[in-house]
Amino acid sequence: MRQWKWVLDVTLALMVGLLLTPGAVEAHDGAGFHPEALGDLLRTVLLAAAAIALSMGVLWFYERMKSRLAK
């Protein structure tokens, strides 16, 4: 079972690393409202939330399987 924890740790690190790479959202240049930048920011936030929810679900499933095997 220790090998699964290692796989989960590596997967989580890769997901976080990929989500933290710079994207299309740039600094405000003072030119006004840019809907494209807002859309990119919203997409980034939704991807981060999905990655967190997915990793929590995988960890929950892992703990559930671990407790079943212990019984």
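Me: I'm looking at Glu63. What does its relative accessible area say about how exposed Glu63 is?

Reply: Keep in mind that this is a predicted model. Glu63 has a relative accessible area of 42% and is partly exposed, because the partly exposed class sits between the cut-offs of 20% and 50%.

Me: Which side chain does Glu63 meet in a salt bridge?

Reply: The general idea comes first. Side chains of opposite charge can pair when their charged atoms come close. Here the side chain of Glu63 meets that of Lys66, with 3.9 Å from N to O. Lys66 is partly exposed too, at 39% relative accessibility.

Me: How many residues apart are Lys66 and Glu63 in helix α2?

Reply: Start with the helix itself. An α-helix has 3.6 residues a turn, so residues three or four places apart point the same way. Lys66 and Glu63 are 3 residues apart in helix α2, which means about one helical turn separates them.

Me: How many salt bridges does the structure hold?

Reply: There are 2 salt bridges in the structure. Besides the pair you've just seen, Asp40 and Arg43 join their side chains at 3.5 Å, N to O. These two also belong to helix α2, again 3 residues apart, or about one turn.

Me: Asp40 next: buried or exposed?

Reply: Asp40 is buried, since its relative accessible area is 17% and buried means under 20%. Its partner Arg43 counts as partly exposed at 46%.

Me: Which residues of α2 are buried?

Reply: They are Asp40, Ala51, Ser55 and Tyr62. Let's take Ser55, whose relative accessible area is 14%. Its side chain reaches the backbone oxygen of Ile52 at 2.9 Å. If you leave out residues up to four places away in sequence, Ser55 touches Leu12 and Met15.

Me: How many residues does α2 have, and how far does it reach?

Reply: You can check a helix by setting its end-to-end reach beside the expected value. α2 runs over residues 35–70. With 36 residues, it reaches 52 Å from its first C-alpha to its last, close to the 52 Å expected.

Me: How many helices and strands are there in the protein chain?

Reply: The protein chain has 2 helices and 0 strands. The other helix, α1, covers residues 2–19, and Leu14 lies in it.

Me: What does Leu14 form on the surface with Trp6, Val7 and Val10?

Reply: Together those four form a nonpolar patch, with about 400 Å² of accessible area between them. Leu14 counts as exposed because its relative accessibility is 54%, and exposed means over 50%.

Me: And for the protein chain, what share of the residues count as buried?

Reply: Of its 71 residues, 8% count as buried. The chain exposes about 6,200 Å², and 71% of that comes from carbon and sulfur atoms.

Technical notes
Residues are numbered from 1 along each chain as its sequence is written. This is a predicted model: local features need pLDDT of at least 70, side-chain atom pairs count only at pLDDT 80 or more; totals for chains, interfaces and linings use all residues. Side-chain values use heavy atoms; hydrogens and water are left out. Helices (H or I, at least four residues) and strands (E, at least two) are DSSP runs, numbered from the N terminus. Buried means under 20% relative accessible area, exposed over 50%, partly exposed in between (1.4 Å probe, protein chains only). A polar contact is a pair of N or O atoms within 3.5 Å; within protein, one must be able to donate a hydrogen and the other to accept it, and residues adjacent in sequence count only if both atoms are side-chain atoms. Contact means heavy atoms within 4.5 Å. The expected span of a helix is 1.5 Å times one less than its number of residues. Patches are made of residues with over 30% relative accessible area and no salt bridge: like charges are joined within 9 Å, nonpolar side chains (Val, Leu, Ile, Met, Phe, Trp, Tyr) within 5 Å. Accessible areas come from the Shrake-Rupley method with a 1.4 Å probe; for residues, only the protein chains shown count as cover.
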